[in-house]
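Visitor: Got a minute to go through a model with me? I'd like the plain version.

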Amino acid sequence: MTNNALALATSAPSGSSRRVPFARTVIGSDARAAVDRVLASGWVTTGQEVLDFERELADQVGAARGVAVSSCTAGIELALRGLGLPPGARVLMSSDTFCGAASAITHAGLVPVLCDVDPSTALPTEPLIHTAVRAVGGVSAMVVVHLGGHPVDVERAAAAAGLGLDRVVEDAAHAFGTDVGARHVGSISRATCFSFYATKNLAIGEGGMVTTDDEEFADELVSSRLHGMSRDAWRRYLPGATWRYDVTVDGLKANLTDVQAAIGRAQLKRFDGDQARRAQVAARYDTLLHGLDGIRLPPRPAVGRHAWHLYAVRVGPEFALPRDRLMERLAARGIGTSVHFIPLHRLTWHSRHCVIPETGLPGADAVFAETLSLPLDQNLNDDDVDEVCTALWETGEER
Ligand SMILES: Cc1ncc(COP(=O)(O)O)c(C=O)c1O
């Protein structure tokens, strides 16, 4: 099962009896009204609404441009293609992340090189990056993931890989609202890719955005997200516009619709309040789970602001039950949980198509054995959090 499927299996579809779902997608009346407005307008695919969403999101992260795409995965692929690397060039990435970035690398004709992670943070450290790069004699680019919303110092990671920031693509699927020092994620590297998948902290259902400070790069993405056409349908049908177009690159069909953008714009207006609630939920978990034997709480970032996309604890050997049995026990009490992530070298296809160090990836394996993502979204109330914590304490006391 893919990780997305795993997350869905443990979250609550509407009508489910789960008491505390892993993550809920709430599309409010403001977003529904915006969708009605777009549906009534006579233009429902990529148009003015997408342009407005791109502008608003780029402003929020402090980037010159935003280019809306159909998913974060498509955004990573388009950004990597835009780097113009030779076929088969090596791209460094964390072994402990969702498979989408690895697929994006191979779809772009490049080769993922897996880097191990520090078991305490589940992120690659500078020495681990250095070792992974040296083992393959250098890499041409890297994908940096801010796992769970925990900020990574992108500049230091790039330097450890021997790369400039123009060769970095960020997988910021979990990191909208994350800061690294004084800078917002989305304004640091060549291209930052966000996800608006149903369980993300800015949820549309599906969708993504690439932000960049490079105007030319952004213009190329606008074309490559739509077959490489020089002009999309909306622009061709504007008054006075020409119907003619050329195809200048081998693009994808990966545009976002105005219907999706309308939802995104409404969610963006709520975002700061939603993030404040996510931080409160994380703080409440911290307080209520403190001192529970065998449960390690998520580390706090050394620099910057966590986006709290995930609240992932570690279930150590001192806990009463192993992680998987604890998940079953919580599920029986109506509490949805998930695991982020099955490391890439444990997935059949990626184990055959990624460069994996001979020494294996012990850090990623150690995290995988123990990590457990608890319910987290901005709609959880204090009673929901208390219920999850009570279930964990009662299970822990069975020892
Ligand atoms: C870390 C990470 N990167 C990328 C993705 C892919 O996002 P999308 O579904 O928008 O392609 C996900 C989705 O779950 C993810 O968790």
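Visitor: What share of the contacts with a separation of 6 or more comes from residues 24 or more positions apart in the protein chain?

Guide: That share is 73%, where contact means C-beta atoms, placed from the backbone, within 7 Å. Keep in mind that this is a predicted model: local features need pLDDT of at least 70, side-chain atom pairs count only at pLDDT 80 or more, and totals for chains, interfaces and linings use all residues. Residues are numbered from 1 along each chain as its sequence is written.

Visitor: And how much of the protein chain counts as buried?

Guide: 49% of its 399 residues, with buried meaning 20 or more other C-beta atoms, placed from the backbone, within 10 Å of a residue's own.

Visitor: Switching to the ligand: which residues come nearest?

Guide: Ser 71, Thr 73, Phe 98, Ala 173 and Ser 195, out of 15 around the ligand; a residue is near if its C-beta atom, placed from the backbone, lies within 6 Å. Two elements give two or more residues to that shell, α4 (72-82) and α5 (100-107). Helices here are DSSP runs of H or I, at least four residues, and strands are E runs of at least two, numbered from the N terminus.

Visitor: What's the strand order in the open sheet?

Guide: The seven strands go β1-β9-β8-β5-β4-β2-β3, with mixed pairing; two strands pair if DSSP finds at least two bridges between them. β1 (65-69) and β3 (111-115) stand at the edges with a single partner strand each, so one side of each has no neighbour in the sheet.

Visitor: How do β2 and β4 run?

Guide: Parallel, joined by two bridges. Leu 92 has Met 142 in β4 as its bridge partner.

Technical notes. Buried ≥ 20, exposed ≤ 12 C-beta atoms within 10 Å, placed from the backbone. Contact = placed C-beta atoms within 7 Å.
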